[in-house]
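User: I'd like to learn how to read a few features of a model. Please take me through them one at a time.
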Amino acid sequence: MTPHAPRHFLRDDDLTVAEQAGVLDLAARLKAEPFSERVLEGPRTVALVFDKPTLRTQSSFAVAVAEMGGFPYVVDGRLAGIGERESIADVARVLGRQVSMIVWRTFGQERIEEMAAYAGVPVVNALTDQFHPCQALADLQTVAEQRGGVEALRGMTVAYLGDAGANVAQSWAVAGPTAGMHVRVSGPTGFLPTEDVLAAGRARAEQTGGSLAVVEDPADAVAGADVLITDTWISMGREAEAAAREAVFEDWRVDRGALDHAADDALVLHCLPAYRGKEITAEVLEGPQSVVWDEAENRRHAQKALMAHLAHAERAQSSAERAQSSGPDGGPGIEVVM
């Protein structure tokens, strides 16, 4: 019998509409009861692999794994030379024989897809150049807890201003409509989501009644919005383009003027690190409508819920395979090679 393919979380639409809602509900419960999901007890080991600098991602995943009874095994991907000293496929097969799950913060989306193809255990996208789906889950949890629960997300309007072709915006373009939200993305020409991401977001919107729009004028994008989101204009690896980018993005800053166009009680999100005076002003970031510190904390709770979801799915598939391999009287049947 061929072993089952594990469930991965490589992009936002790897969770169905119902699964996303379930993960968010569980995240809220785990925030109130931090030690109630011990699916990694043993401890089972989770590899946390980082090719890029990290603070929130490493701390939130490491604590999350520990709180679920597991062991967080941190790997510096730059020292390991993944894809250089050793091929991604070989690293995946080696780690997959040692750990129960792999979390990877890396560069191109194709790298994590290759890791998932060979690992044999669940792989979680902790950031690629195309998607930041764990951040989007934490963002959705933050808005839900401010507005009365996951059901309250449906019908809300979200405006993303800035580099709308970057990973946070692309994840929101899919995750927001999955939650039934109306998402508007606004950025300069050349800094917008890819066509396949727009198609994926609109496909989800058809299922939920949400919507996804690219809005040219940032003032139109934020008009009446319930949530304003931005991110750094200078993503990691783009430092040499800083001056040119700052000039291009000037009109897409989240400042007092942008907030005045939004709903009176609009929430402000930023995944951090924030550069005050550039993509967001200090007045707004530190203001009463900012929920960025809750957002940073919720990375832990949302990721715990996601890992619990994947671990439960893995165990359910393994149990089904064992049952299938047993004889009709419950005795030994076909041996399952894992």
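User: Which backbone oxygen lies 2.9 Å from a polar atom of the side chain of T230?

Analyst: A polar contact is a pair of N or O atoms within 3.5 Å; within protein, one must be able to donate a hydrogen and the other to accept it, and residues adjacent in sequence count only if both atoms are side-chain atoms. Here the partner is the backbone oxygen of L161. This is a predicted model, where local features need pLDDT of at least 70, side-chain atom pairs count only at pLDDT 80 or more, and totals for chains, interfaces and linings use all residues. Residues are numbered from 1 along each chain as its sequence is written, and side-chain values use heavy atoms, without hydrogens and water.

User: How is confidence read, and what does the chain average?

Analyst: pLDDT is the predictor's confidence in each residue, from 0 to 100. The chain averages 94, and 96% of the residues score at least 70. Over residues 332–338, pLDDT stays under 50.

User: Is T230 buried or exposed?

Analyst: Buried means under 20% relative accessible area, exposed over 50%, partly exposed in between (1.4 Å probe, protein chains only). T230 has 1% relative accessibility, so T230 counts as buried.

User: Which residues is T230 in contact with, beyond four places in sequence?

Analyst: Contact means heavy atoms within 4.5 Å. Leaving aside neighbours within four places, the contacts of T230 include Y160, L161, V254 and H270.

User: Where in the fold is the place of T230?

Analyst: Strands are DSSP runs of E, at least two residues, numbered from the N terminus. T230 is in strand β8, residues 227–230.

Terms used: Helix = DSSP H or I, 4+ residues; strand = E, 2+ residues; numbered from the N terminus.
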